[in-house]
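This report describes the fold of one protein chain, going from its strands and helices to its interior and then to a few single residues. Please keep the sequence and the structure in view while reading.

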Amino acid sequence: MPFVLITGASRGIGYEFLRQYSSDAKNTVIALVRNKSATEKKVSEDAVLQGRPNIYILQADITDYNALKQAAADTAEITGGSLDYIIANAGLVPKFDLFLPIGELYVLQTSLIGNSFLLTLQNRGKQPGELTKTFREAFEINVIGNVHLFNLFLPLILAGHVKKIVTITSGLADNSFTNQWGATPGALYAASKAAMNTVVAKFNAQFKKDGVLFLAVCPGPVEVGHYDGATADDLAAVEPLLSIFKEYSPGYERPKAPEVSVRMMRDVIEASSLEKGDGGAFVSHYGNQQWV
């Protein structure tokens, strides 16, 4: 009976992981969410999920160490002290830099006055302080929170049978892709995911001797509402990235539905092993480095 923990399970990709893993009655699925009552209500009203006895919902913010610690204790009570999979899906995709290159979050211009240069800041509605705040939030949620998550739940994984810890990452964190194709939007988000990919490799280097597989998997472009509320200017700014996707992957038309992406990622997760050298890898939903 595999035990599966999914963070960020209240919506989008995380909710789809919850739906698919819990469809097998042999699995016990623990959903870690920020708002337990709202998620319980959503599940109870879901014609597919309602009444499934193998779903447990726990509340913890990924940035709250004490809440994560309590969630680990509660999970141990549910499972008897072990865990087979962690799907570390919780994360922040900031709207602040979603549509613009990093150099346009604020723009510095120089002008010559007399014999001296005057440096001026074009605000474009975005403050340098907002960049700092957003960058810190992205690292707090996408990196530091997962480090705490892994450390607190590792004793349960070490007592489990499958021993797989999977982080949901992004192909935008691939420097080769960024440089070759000029993929400029989402720099702060991509940097946090690149940092997390390194964390995955470091955990793998330490714990592969104990049989634990750490893996970073990119879902590819998925329709989960990232562009909801976008202005016409925002959509125009992101159009070059969509054009890159189409050139990079001929035949690409639109983001995948969550159920398709999650099914593909689950296939990659199941096929991955330490024996095949997959530990610490950064791969796509195709199991390679084809991101779109």
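## Two crossover units

In this predicted model, strand 1, helix 1 (residues 12-22) and strand 2 together form a β-α-β unit that is right-handed. The two strands of this unit, strand 1 and strand 2, pair in the parallel sense over 5 bridges, and within that pairing L5 stands opposite I30 in strand 2.

A right-handed β-α-β unit is also made by strand 2, helix 2 (residues 36-44) and strand 3. Here strand 2 and strand 3 pair over 5 bridges, again in the parallel sense, and I30, the residue that faces L5 in the pairing with strand 1, stands opposite Y56 in strand 3.

## The sheet and the helices on it

In what order do the 7 strands of the open sheet lie? The order is 3-2-1-4-7-8-9, and the pairing is parallel. At the edges are strand 3 (55-59) and strand 9 (282-284), each of which pairs on one side only. Neighbouring strands of this sheet are turned by 20° against each other on average, if direction is ignored. As general background, the strands of a sheet pair through backbone hydrogen bonds, and they may do so in a parallel or an antiparallel way.

Strand 1 (residues 3-7) also pairs with strand 4 (residues 85-88), in the parallel sense and over 3 bridges, and in this pairing L5 stands opposite I86 in strand 4. Helix 3 (residues 65-79) packs on the sheet, where it touches strand 1, strand 2 (28-33) and strand 3, and its direction makes about 165° with that of strand 2. Helix 8 (residues 258-271) packs on the sheet as well, touching strand 4, strand 7 (164-168), strand 8 (213-218) and strand 9, and the direction of helix 8 makes about 145° with that of strand 7.

## The nonpolar cores

Which residues touch the most other members of the largest nonpolar core? Of the 48 residues in this core, they are L83, I86, L149, F153 and F214. Among the elements that give two or more residues to the core are strand 1, strand 4, helix 6 (187-207) and helix 7 (232-248), while the largest share, 8 residues, comes from helix 4. Leaving out residues up to four places away in sequence, L149 touches L5, T7, L32, I62, L68, I86 and A88. There is also a second, separate core of 27 residues, which includes A31, V33, V222 and V262.

Strand 1 is mostly covered, with 5 of its 5 residues buried. The side chains of this strand are divided between two directions: F3, L5 and T7 point one way, V4 and I6 point the other way, and all of them are buried.

## Three residues in detail

Is T7, a residue of strand 1, buried or exposed? T7 is buried, because its relative accessible area is 1% and the cut-off for a buried residue is under 20%. A polar atom of its side chain lies 2.9 Å from the backbone nitrogen of A90. When neighbours within four places in sequence are left aside, T7 is in contact with L32, I87, A88, N89, A90 and L149.

K163 has its place in the loop between helix 4 and strand 7. The phi angle of K163 is near 60°, which is a positive value in a residue other than glycine. For comparison, most residues other than glycine have a negative phi. K163 counts as buried, because its relative accessibility is 14%. Another loop residue, S273, lies between helix 8 and strand 9, and S273 also counts as buried, at 16% relative accessibility. Its contacts, not counting residues up to four places away in sequence, are with L213, D278 and G279.

Notes
Residues are numbered from 1 along each chain as its sequence is written. This is a predicted model: local features need pLDDT of at least 70, side-chain atom pairs count only at pLDDT 80 or more; totals for chains, interfaces and linings use all residues. Side-chain values use heavy atoms; hydrogens and water are left out. Two strands pair if DSSP finds at least two bridges between them. Helices (H or I, at least four residues) and strands (E, at least two) are DSSP runs, numbered from the N terminus. Axes are lines fitted to C-alpha atoms, for helices over the stretch in contact, and angles run from 0 to 180 degrees between N-to-C directions. Contact means heavy atoms within 4.5 Å. A nonpolar core is a set of buried Ala, Val, Leu, Ile, Met, Phe, Trp, Tyr and Cys residues joined through side-chain atoms within 4.5 Å. Buried means under 20% relative accessible area, exposed over 50%, partly exposed in between (1.4 Å probe, protein chains only). A crossover is right-handed if, with the strands pointing away from the viewer, the path from the first strand over the helix to the second runs clockwise. A polar contact is a pair of N or O atoms within 3.5 Å; within protein, one must be able to donate a hydrogen and the other to accept it, and residues adjacent in sequence count only if both atoms are side-chain atoms.
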